[in-house]
Amino acid sequence: MPLKGLAERVFIVTGGSSGLGLATAARLLEEGASVALLDIEGAERTAGELGREALGLSLDVTVEPEVKSVFGAVRKHFGRIDGLFNNAGIGSAARPLAETELADLERLLRVNVGGAFLCMREMLRIAAASNGRAAIVNTASGTGMRGAPNLGSYSATKAALIALTRAAALEAAPAVRVNAVLPGPIDTPMTAAMPDAVRERVTARVPLGRFGTATEVAALVAWLLSDEAPYVTGGLYSIDGGETA
Ligand code: NAD
């Protein structure tokens with residue numbers, strides 16, 4: 001059965017060329033929504049592969065004027081924007097804090113916090129200007145909620161995004177619902193380069209005994225964006241096979 005309130009709506013998916021973004025764009029299209037997938041690379045090609053109601057536009061989420069103009073272009077193309085999967089992000093090589101350069105932390109902050117902030121702010125402004133209702137889902141991470149050895153910088157960016165999610169949910173209610181998903185280890189290009197020994201160690205921490213799939217995360221995101229979740233805002237949704245239970 002289709003999820004209520006997705007058909008005929010328009011959603012932006014950042015980081016839509018790959019992994020969680022691509023799977024979510026595909027799921028929203030299956031539900032009958034129109035989707036603008038935005039990515040620093042491959043957006044037009046990916047949208048072409050996904051089909052007619054997908055629009056692909058190139059965007060570096062860290063460039064403030066680009067965010068404004070690309071969101072404006074999406075609005076012009078579809079006539080409206082009803083929601084945002086604020087998902088573009090980068091990972092980092094595992095490294096103890098004692099060996100981390102300030103530049104590494106700054107690079108992660110720029111994309112995972114700065115970029116996510118700019119996209120969320122643009123969506124909030126658009127919703128306010130149109131007096132419309134909207135939903136935002138941010139991609140945080142389970143590492144933003146717990147101590148994550150060797151991933152200190154990355155986890156700090158996701159903790160910051162959790163804080164932004166909660167503030168936005170309080171500020172923007174009741175017009176805009178804002179939630180975050182907190183994936184554990186998910187099979188995407190981001191985790192594909194993990195050495196086998198690390199992969200085994202990570203899998204051993206997961207009660208369900210495996211990595212999740214991007215499609216499983218997409219199902220949760222689609223639900224949060226839909227009218228099946230009208231009373232859900234400010235929430236943090238773990239999807240991690242029980243890793244943080
Ligand atoms: P991915 O590398 O497959 O996809 C990330 C996408 O973001 C890519 O298409 C990339 O081009 C895009 N991107 C990167 N920088 C960008 C920028 N400046 N502007 C626009 N687009 C940019 O990785 P993924 O696993 O699908 O990751 C998606 C999100 O999920 C990220 O925020 C990541 O931190 C988060 N996450 C992933 C996992 C996991 O295990 N895969 C776990 C927790 C959280």
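These are my notebook entries on the cores and the ligand site of this structure.

**Setup.** I'm looking at a predicted model, where local features need pLDDT of at least 70, side-chain atom pairs count only at pLDDT 80 or more, and totals for chains, interfaces and linings use all residues. Residues are numbered from 1 along each chain as its sequence is written, and side-chain values use heavy atoms, with hydrogens and water left out.

**Cores.** I looked up the largest nonpolar core (buried Ala, Val, Leu, Ile, Met, Phe, Trp, Tyr and Cys residues joined through side-chain atoms within 4.5 Å; buried is under 20% relative accessible area, 1.4 Å probe, protein chains only). It has 31 residues, and Leu-6, Leu-28, Val-137, Val-181, Val-221 and Leu-225 touch the most other members. Elements giving two or more residues include strand S1 (10-14), helix H1 (19-30) and helix H8 (214-225). H8 gives the largest share, eight residues. (Helices are DSSP runs of H or I, at least four residues; strands are E, at least two.)

I then checked Leu-225: among its contacts (heavy atoms within 4.5 Å) are Leu-6, Phe-11, Leu-84 and Arg-177, leaving out residues up to four places away in sequence.

**Ligand.** Which residues come nearest the ligand? I found Ser-18, Leu-20, Asp-39, Tyr-154 and Thr-188, out of 28 around it (a heavy atom within 4 Å). Polar backbone atoms of Asn-87 and Ile-186 each lie 2.9 Å from a ligand oxygen atom. Taken alone, the ligand exposes 820 Å², and the protein buries 92% of that (Shrake-Rupley method, 1.4 Å probe). Helix H6 (189-192) gives the shell its largest share, three residues.

Note on methods: Buried < 20%, exposed > 50% of the residue type's maximum accessible area, 1.4 Å probe, protein only. Polar contact = N/O pair within 3.5 Å; in protein donor to acceptor, adjacent residues only side chain to side chain.
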